[in-house]
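I set out to look up the surroundings of the ligand and then a pocket of the protein. My entries follow the structure.

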Amino acid sequence: MTRILITGGTGQVGGSLGNLNWPEGTELVLPSRSEIDLGNADQISSFVRDGGFDAIISSGAYTAVDKAEDDLLTAFKVNGLAPAAFAETAKELDIPVVHISTDYVFNGGKIGRYVETDPIDPQGVYGASKAAGELAIQSSGCRHVILRTAWVFSAIGANFVKTMIRLADRPQLTVVDDQTGCPTAAPDIARAAQAVVLRQLTDRDAPSGVYHFCGDEAVTWFGFASEIFRLLEARSLAVPAVAPIPTRDYPTPAKRPANSALDTSRLTQDFGIEPCQWRVALASTVEELMGDKEKGLS
Ligand SMILES: NC(=O)c1ccc[n+]([C@@H]2O[C@H](COP(=O)([O-])OP(=O)(O)OC[C@H]3O[C@@H](n4cnc5c(N)ncnc54)[C@H](OP(=O)(O)O)[C@@H]3O)[C@@H](O)[C@H]2O)c1
């Protein structure tokens, strides 16, 4: 039996990991917040040691980007200290770690796609706390893959797609059109993380380090919203008139990268994992969400 610890099991990525088919003989352990509080790193080592795990997928995180600006301590505990504790214990037990990280470690000023070797320069507390987690894992010496992803959506949890569907009954909507990124479906990230961890479990010499995984096509939030509303319109639903606005007209507590498109070729080269087609995944997500809505489930 291979036991894999997955954190953040109630979240978009962790929940999607739990929903995948795994090879026979794999046992997933997805502890709740009451079983393991990522804000309390002291609990983590004993939890991992006692659990007899063969690998860890660390997808739990403090993801409230704006709230983090006023909650630095919790953000750093969950996103910095918890990954550090997982990495330290994984090193001691000689088990691999797949850790999910973010495009928000970059400052967004690059023209073109970010590669893994580009310098990190987070612009807010959330990005800085995730960068701290990355650095802790890298410096621990454990076997690891840090999978940076971006603009996550799914039928589970809170995300931009669900927000747009919720606002679809408004007559008009403005959406930021000068931030570019690559939308990524959580089930696709889960499949990528699964492929990486299974490789690590079967090959001690599997590649280690930082990798990027995201949707294939870069788009602005306005472009992303337009595609969501196109899919709703195709279901004969009324949609708002959407107008593009600059970031300065939609101020938020945390500064976002203007460009966070990620280059995924390193992951393709080392693990054979291709970027996902986010428009295809978006159509399935909208189908799932609207189906549930029509059935009165959400
Ligand atoms: N969402 C995005 O757009 C995005 C973009 C780039 C990268 N990422 C990264 O992708 C990964 C997965 O994100 P996601 O969108 O799946 O996140 P999510 O839906 O917000 O879920 C976060 C998960 O972390 C858990 N968690 C948070 N604080 C915890 C604590 N103190 N103790 C125990 N569990 C705690 C949550 O549990 P509860 O249900 O108990 O709160 C939840 O299961 C994260 O590492 C994130 O940084 C996300």
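I looked up polar contacts to the ligand (pairs of N or O atoms within 3.5 Å). A backbone N or O atom of Gly11 lies 3.1 Å from a ligand oxygen atom. For Val152, a backbone N or O atom is 3.0 Å from an oxygen atom of the ligand. Thr63 uses a polar side-chain atom, 2.6 Å from a ligand oxygen atom. I note that the protein covers 81% of the 910 Å² of accessible area that the ligand has on its own (Shrake-Rupley method, 1.4 Å probe).

The model is predicted: local features need pLDDT of at least 70 and side-chain atom pairs pLDDT 80 or more, while totals for chains, interfaces and linings use all residues. Residues are numbered from 1 along each chain as its sequence is written, and side-chain values use heavy atoms, without hydrogens and water.

I then listed the shell (residues with a heavy atom within 4 Å of the ligand). Of its 26 residues, Thr10, Arg33, Thr63, Tyr126 and Lys130 come nearest. Strand 4 gives the most, three residues (strands are DSSP E runs of at least two residues, helices H or I runs of at least four).

Finally, I examined the second largest pocket (on a 1 Å grid over protein atoms alone, an open set of points for a 1.4 Å probe with protein on both sides within 12 Å along at least five of seven lines; lining residues have an atom within 4 Å of a point). Its lining has 14 residues, with Ser16, Ser154, Ala155, Pro187 and Glu288 nearest the centre. Helix 9 supplies the largest share of this lining, four residues.

How values were computed:
Polar contact = N/O pair within 3.5 Å; in protein donor to acceptor, adjacent residues only side chain to side chain.
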